[in-house]
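I sat down with this model today and kept short notes as I went. Here they are, in the order I looked things up.

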Amino acid sequence: MPAETVGTWDVIVWGVFPYFMLAILVGGLIWRHKYDQFGWTTRSSQLYESRLLRIASPLFHFGILAVIVGHVVGLIIPKAWTDAVGVSQNFYHFNALLVGGIAGIGTLGGAALLIYRRRTTGPVFAATTKNDKMMYVVLVGAIVFGLATTVISVFEADHTHNYRETVSPWFRSVFLLQPDIASIAAAPLTFKIHTLVGMALFVIWPFTRLVHALTAPIHYLFRPYIVYRGRDKQPASPTSATQRRGWSDVGTSDNAKD
Amino acid sequence: MRVMAQMGMVMNLDKCIGCHTCSVTCKQAWTNRAGTEYVWFNNVETRPGQGYPRRYEDQETWKGGWTRTKSGRLKLKAGGRVKKLFGIFTSPVQPELKDYYEPWTYDYKTLIDAPAGDDFPVARPKSLITGKDTDITWSANWDDNLGGVHELGHLDPIVEAVRRESNEKIKFEFEKTFMFYLPRICEHCLNPSCMASCPSGAIYKRVEDGIVLVDQDKCRGWRQCITGCPYKKIYFNHKTGKAEKCTMCYPRLEIGLPTVCSETCVGRLRYLGLFLYDADLVGAAAATENEQDLYEKQLELILDPNDPMVIAEARKQGIPEDWLDAAKRSPVYALAKIYKVALPLHPEYRTMPMVWYVPPLSPVVDLLRDQGHDAEGAGTLFGAIEELRIPVEYLAELFTAGDTSKITEVLRKLAAMRSYMRGIALGQEPDASIPAAVGMSEEELYEMYRLMAIAKYEDRYVIPQAHREQAHDLEEMGCSLDFDDEVGMYENSPFGEASGTPTPVAIETFNALRDRQTSGEAPSADSLRGRVNLLNWDGTGAPEGLFPTKHQHQGEPK
Ligand code: HEM
Ligand code: SF4
Ligand code: SF4
């Protein structure tokens, strides 16, 4: 365990701010979900321009989804577990840097192209709100500092620092309500900045267009194609048995198990 | 059997004069809002022509509707569920604004404000999307009448199809040219592919009357429905980021009034009424192998409202008595199923569309008349229908997946009606051989004439009212009281216009009208909520935002 002194600022930033962030994130999402269903949308700009979007959007999105998976693995799975199944530190590190680096560069490239498109395509720029601009600043900040941590790890002479021994234990400890402030206080500055900007991103998340990510339509894979709904939102015909609210399975038989 | 009621429409194309009144009144009612400037829930196309959006019928490009797989199942033409999800970050095929057109207004103020000089001031076109100067290149119907067919007719996907089929070049020589108008709204399909494409499940079909609507709260702007609909009748509101579509004026229908487009139609050519259909058979019918059988299969879905078995089953499903009565008197049922003169638009898309069309006889009649023949005589008309292959083939591509025999049948009925009634009007002995030639009795033909030619208001629209005693929560009315306090203050929410609880359309219109009537001023940018649109500008002053802010010229004399 790294033995560094823990200052007041460390307590505020790593002990208090995370809970503040979580409160805003969760509370904000619940509030927005209740109050603003109508504003909960991707606000797609494909109607205006689609040539650049066709490259930029998938590049960015597939990149960021890979990055998210990387974060989940890196932050949640303790080092002890991977050690136990025989994954060597070097092997893990190499993979994380390679895969994480590719995903990160894809994400950043995608984001850069998205922003370029936003700025240079007249109608898209006209439809860009202040909210969007603020969101992009924080989002790109998080991505850039994230990539910086990766790049620095690559060129670091001795490969001594391992975020899985500093940031990750702190991350897990936050959810156990006993923030391990000493761990993260020992991390290098780039990691700290990346973590901070990341937390800022989650603070603004509920209030930006980013909410669209949280309603990713996975249920599309399972719902019947044709949706019936009563005007009075009651099942109109009491005789049809399998009426879940608005999802009666009639019309096409594509979803029937045959 | 599962009997369901469907509100349907029939349009008699012979009567359409292409005046666009329906489009304009519809726009005033529904889409004169920011984000929907380019949207026409009702549009009228000149055919042959490219349509709106341009060439939307070319499904090899746009991938709308369904296809039948080799194993006989229905599949979205744009791909299955997994493929659609992978393509969600950017829709592989979605029309852009340039496929519709860039909406614009004019810089009218310079006409009044320009300083005296030698040049006439010009009102320049301004884009309603960017607010900048723009060149007008296209509009919702830019395919010109006869002259334009000659120029642009070859771009029509249907013309291409007819050419492929007949393996010869269709020449648009003036004397052979034909044209007619095709008004279009959402088809309120029985098997809607827009709905099937929606990842959120936000598009639904109302159980009571089959109207297809987009739940504005559940729509997340994944914009897959726009690709899904082969008729391109779902539009993306680029301000709210939500999909919008024709609502069949449900607030009017619920109180027994016809839709705005029908009510205002100059040609009085639209019919509204109920179909009863068997919902359990829709899937199988839509998966019929041969495209040319789809029309017949669709007809088979429509149930006879006088059949006691159907009535008993409908009662079991909770369809109210007055609705059953309306179904018996339904003009759309009569035209589609009894007289069989109304046909579905593009049955080959397999969505089972519920807006039907009586194909126009006028191309045939006009050509006959122009060539100096008797355009009303049964003999010449019947002969011409067989002779004039190109109009018939064209209509067949539109309405029967290319089966010319069905179009011929319908046109012969229309021709029979025309010449039989002409005889009567001229005081001749009614010629019973004419209806017999199309397999109808004299009474039947006369009844059809009354419905199609006399077309009284109460015969055209048979609309049962919604049952409010059951409807706890009519779409808008249920909560309209909540908005009383908020009149005038719906504008600001932290995320801009597109957020917060949507204001019901009725409240919004009410406010706009009241503002306009109670103040002599130009509508402020506030009261228009930042929207600048010819349709909500009444000529008083210039609303803020109509002109770019920096239009003061330097060093100009005041
Ligand atoms: C898996 C879930 C997600 C889905 C299905 C999704 C889908 C979409 C779609 C359809 C658009 C609209 C593109 C357009 O037509 O203009 C969009 C835009 C956007 N998404 Fe996502 N997204 C997801 C996750 C995320 C995540 C996790 C982030 C960021 C952390 C993100 C950031 C953005 C941004 C910044 C835009 C705006 C792009 C622009 O400048 O136009 N998305 N997303
Ligand atoms: S015509 Fe209407 S109901 Fe049919 S697929 Fe298109 S939008 Fe959906
Ligand atoms: S109002 Fe009637 S006649 Fe005029 S364009 Fe519309 S459908 Fe045709």
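**Entry: a loop serine**

I started with Ser91(B), which I found in the loop between helix H3 (81-86) and helix H4 (97-100) of chain B. I kept in mind that this is a predicted model. Is Ser91(B) buried or exposed? Its relative accessibility is 0%, so I noted Ser91(B) as buried. Next I listed what Ser91(B) touches, leaving out residues up to four places away in sequence: Gln46(A) and Arg54(A) from chain A, and Arg223(B), Gln224(B) and Thr227(B) from chain B.

**Entry: chain A overall**

I then turned to chain A and got 9 helices and 1 strand. Reading from the N terminus, the elements go α-α-α-α-α-α-α-α-α-β, with the strand at the end. Chain A has 258 residues, and 48% of them are buried. I also looked at contacts in chain A between residues at least 6 apart in sequence, and 77% of these join residues at least 24 apart.

**Entry: a sheet across two chains**

Where does the strand of chain A go? I found E1(A) in an open sheet of 3 strands, ordered E1(A)-E8(B)-E9(B), with mixed pairing. E1 of chain A and E9 of chain B are the edge strands, each pairing on one side only. E1(A) runs parallel to strand E8 (residues 203-206) of chain B, and 2 bridges join them. Opposite Arg229(A) I found Arg206(B) in E8(B).

Both of these arginines came up again when I looked at salt bridges. Arg229(A) forms one with Asp215(B), the closest N and O atoms being 2.8 Å apart. Arg229(A) sits in strand E1 (residues 228-229) of chain A, while Asp215(B) is in the loop between strand E9 (212-214) and helix H9 (224-228) of chain B, so this pair joins two chains. I checked burial too: Arg229(A) and Asp215(B) are both buried.

Arg206(B) has a partner as well, Asp209(B), with the closest N and O atoms 2.9 Å apart in their salt bridge. Asp209(B) comes out as buried at 5% relative accessibility, and Arg206(B) is buried at 0%.

**Entry: other salt bridges**

How many salt bridges does the structure hold over all chains? I got 33. As a reminder to myself, side chains of opposite charge can pair when their charged atoms come close.

One that I looked at inside chain A links the side chains of Asp83(A) and Lys79(A), at 3.0 Å from N to O. Asp83(A) and Lys79(A) are both in helix H3 (residues 79-84) of chain A, 4 residues apart, which is about one turn of the helix. Their burial I wrote down separately: Asp83(A) is partly exposed at 35% relative accessible area, whereas Lys79(A) is buried at 17%. In chain B, I noted a network of salt bridges that links Glu45(B), Arg47(B), Glu57(B), Asp156(B) and Arg184(B).

**Entry: the nonpolar cores**

Which residues have the most contacts inside the largest nonpolar core? They are Trp356(B) and Phe399(B), in a core of 163 residues. Helix H20 (residues 404-425) of chain B gives the most to this core, with 9 residues. I followed Phe399(B) further: beyond four places in sequence, its contacts include Leu13(B), Leu182(B), Tyr357(B) and Ile407(B), along with the run Leu343(B), Pro344(B), Leu345(B), His346(B) and Pro347(B). Another core lies apart from this one; it has 22 residues, among them Leu29(A), Trp40(A), Met135(A) and Leu139(A).

**Entry: two ligands and a hairpin**

Around ligand 2 I found residues of chain B, including Cys186(B), Cys189(B), Cys194(B), Cys229(B), Ile234(B) and Lys245(B). The shell divides into 8 nonpolar, 2 polar and 2 charged residues.

I looked up the strands here too. Strand E10 (residues 234-237) of chain B pairs with E11(B) in the antiparallel sense over 4 bridges. The two form a hairpin with 4 residues between them, and Gly241(B) in the turn has a positive phi of about 70°. Asn237(B) stands opposite Lys242(B) in E11(B). Both faces of E11(B) are covered, with Lys242(B) and Glu244(B) buried on one side and Ala243(B) and Lys245(B) buried on the other.

Last, ligand 3: I counted 14 residues around it, the closest being Cys16(B), Cys19(B), His20(B), Cys22(B) and Cys265(B). This shell divides into 9 nonpolar, 4 polar and 1 charged.

Definitions and conventions: Residues numbered from 1 in each chain as written. Chains lettered and ligands numbered in written order. Predicted model: local features only at pLDDT ≥ 70, side-chain atom pairs only at ≥ 80, totals over all residues. Heavy atoms only, no water. Near = heavy atom within 4 Å. Nonpolar A, V, L, I, M, F, W, Y, C, P; charged D, E, K, R; others polar. Buried < 20%, exposed > 50% of the residue type's maximum accessible area, 1.4 Å probe, protein only. Pairing = 2+ DSSP bridges. Core = buried A, V, L, I, M, F, W, Y, C linked by side-chain atoms within 4.5 Å. Contact = heavy atoms within 4.5 Å. Salt bridge = Lys/Arg side-chain N within 4 Å of Asp/Glu carboxyl O.
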